[in-house]
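The following exercises ask the reader to work through a structural model by inspection and reasoning. Each task is followed by a worked solution.

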Amino acid sequence: MIKVAIQKSGRLSDDTISLFRECGIRFSRGTGRLKSTATNFPLEFLFLRDDDIPGYVADGVAHLGVVGENVMIEKKKDVILRKKLGFSKCRLSVAIPKGNEYNGPEDLRNKSIATSYPVVLQKWLDEKGLTAELHEISGSVEIAPSIGLAEAVCDIVSTGSTLLSNGLKEVETVMRSEAVLISNKNLDAKQTALLEKLLFRMNAVQTGGSNKYILLNAPNEQLDKIISLLPGMKSPTVLPLHMEGWSSVHSVMAEDDYWEVVEELKNNGAQGILVVPIENMII
Ligand code: PRT
Ligand code: ZN
């Protein structure tokens, strides 16, 4: 049995739960529950506050955990980062009042900065050879300048609208973060095997999610050109259509290339283009 600490409720919860479900793990998530055992995998979830997850994993109360990389670093616990998970992406940034002049990190020297992430911020200041007066506060960091608590803030930014609506401007990115899978340092052989199994499934889900399956009809005289646009996993599948002179082409392509390629395919005579999501993909 492997124990996995995940956030009880917050910005990480839904995507974490979806990821484990996409990995084929079935479990219930009753409100107010602290634990849940999977019905088809030797795994137990512990629902916790995100701040406690690195500590529980380091102490071995949980073997694995899902947490923001920013929190993992902030807590300074002895855990191993096993995988970046690609969701809850954000950045930790320094922001100052909109009207203030800013010419670079030097302008932050000896300033007072309010933050919930003093460890990450201090590391960044050290790298820049700067000293500043840090005020650790646990929430509503963005109001600190307007109430006279600090001259700058260092907070998590996603869209930037919170900073904007509090009259602040982002001037430095201290770190980029996303959800990560962490583990205890001393997993035994059985736990390691379960972790490997989970990582295999997570990789397949992630690869599947970043690719699309494409099917199209092409006139035979355009096949070479169309195939050159579609590398596929090995090479595309080409099947004859009942209609003389036409073929059906099937392939896989990176989601990022998709709109560009679709346009070119059309320009080269492809018709009836179908693009379907891939649930998971093992290469
Ligand atoms: O209750 P618990 O302690 O478990 O949760 P929490 O309230 O401490 O954390 P939560 O759920 O808010 O965030 C969990 C993790 O999500 C963080 O540690 C980050 O890694 C990640 N994350 C991603 C974010 C955001 N995006 C985010 N936008 N965490 C916080 N914010 C907040 C930010 O603090 C600021 O107030 O959203 C505001 C900024 O958002 P924008 O879109 O206006 O820029
Ligand atoms: Zn928290």
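The exercises below concern this predicted model.

**Exercise 1. Packing of two helices**

Determine how helix α1 is oriented relative to helix α6, and describe the residues that form the contact.

*Solution.*
Step 1. Locate the elements: α1 covers residues 13-22 and α6 covers residues 189-209.
Step 2. Consider the geometry of the axes, which come within 9 Å and cross at roughly 100°.
Step 3. Classify the angle. Crossing angles of 65 to 115 degrees count as roughly perpendicular, and α1 is therefore roughly perpendicular to α6.
Step 4. Identify the participants. Helix α1 contributes L19, F20 and E22, while α6 contributes L198, M202 and V205.
Step 5. Sort these residues by character: five are nonpolar, one is charged and none is polar.

**Exercise 2. The zinc site**

State which residues coordinate the zinc ion (ligand 2), and classify the arrangement of its donor atoms.

*Solution.*
Step 1. Find the ligating residues. D50 and D51 coordinate the zinc ion (ligand 2) through OD atoms, at 2.0 to 2.1 Å.
Step 2. Examine the angles. The four donor atoms around the zinc ion (ligand 2) subtend angles of 75 to 173°.
Step 3. Test the tetrahedral case, for which all angles must lie between 85 and 135 degrees. The range of 75 to 173° does not satisfy this condition, and the arrangement is classed as irregular.
Step 4. Assess the accessibility of the two residues. D50 has a relative accessibility of 17% and so counts as buried. D51 has a relative accessible area of 28% and is therefore partly exposed.

**Exercise 3. Positive phi outside glycine**

For K76 and N110, give the value of phi, then establish where each residue lies and whether it is buried or exposed.

*Solution.*
Step 1. Recall the background: most residues other than glycine have a negative phi.
Step 2. Take K76, which is not a glycine and has a positive phi of about 50°. K76 is placed in the loop between α3 (69-75) and β5 (80-84). Its relative accessible area is 63%, so K76 is exposed.
Step 3. Take N110, another residue other than glycine, with a positive phi near 60°. N110 belongs to the loop between β6 (90-97) and β7 (112-115). At 56% relative accessibility, N110 is likewise exposed.

**Exercise 4. Two buried strand residues**

Describe the surroundings of L92 and I113, beginning with their position and burial.

*Solution.*
Step 1. Place L92 in strand β6. With a relative accessible area of 1%, L92 is buried.
Step 2. List the contacts of L92, omitting neighbours within four places in sequence: Y117, V120, C154, D155, I156, E172, T173, V174 and M175.
Step 3. Place I113 in strand β7. Its relative accessibility is 0%, so I113 counts as buried.
Step 4. List the contacts of I113 under the condition that neighbours within four places are set aside: L121, A132, E133, L134, H135, A150, A152, V153 and C154.
Step 5. Relate sequence separation to spatial distance. I113 and P145 are 32 residues apart along the chain, and their C-alpha atoms are separated by 8.8 Å. L92 and M253 are 161 residues apart in sequence, with a C-alpha to C-alpha distance of 33 Å.

**Exercise 5. The end of strand β12 and the loop that follows**

Decide whether P219 and E221 are buried or exposed, and set out how each is placed relative to residues elsewhere in the chain.

*Solution.*
Step 1. Assign the positions. P219 lies in strand β12 (residues 211-219), whereas E221 lies in the loop between β12 and α7 (223-229).
Step 2. Apply the cut-offs: under 20% relative accessible area is buried and over 50% is exposed. P219, at 9%, is therefore buried, and E221, at 66%, is exposed.
Step 3. Identify the contacts of P219. Residues up to four places away being excluded, P219 touches G245, W246 and G269.
Step 4. Consider the distances. P219 and Q271 are 52 residues apart in sequence and 8.7 Å apart in space, C-alpha to C-alpha. E221 and C90 are 131 residues apart in sequence and 48 Å apart in space, again C-alpha to C-alpha.

How values were computed
Residues numbered from 1 in each chain as written. Chains lettered and ligands numbered in written order. Predicted model: local features only at pLDDT ≥ 70, side-chain atom pairs only at ≥ 80, totals over all residues. Heavy atoms only, no water. Axes fitted to C-alpha atoms, helices over the stretch in contact; angles between N-to-C directions. Helix = DSSP H or I, 4+ residues; strand = E, 2+ residues; numbered from the N terminus. Parallel < 35°, antiparallel > 145°, perpendicular 65-115°, else oblique. Contact = heavy atoms within 4.5 Å. Nonpolar A, V, L, I, M, F, W, Y, C, P; charged D, E, K, R; others polar. Donors = N, O, S within 2.8 Å, 3.2 Å for Na, K, Ca; no water. Tetrahedral: all angles 85-135°; square planar, octahedral: opposite > 155°, others 65-115°. Buried < 20%, exposed > 50% of the residue type's maximum accessible area, 1.4 Å probe, protein only.
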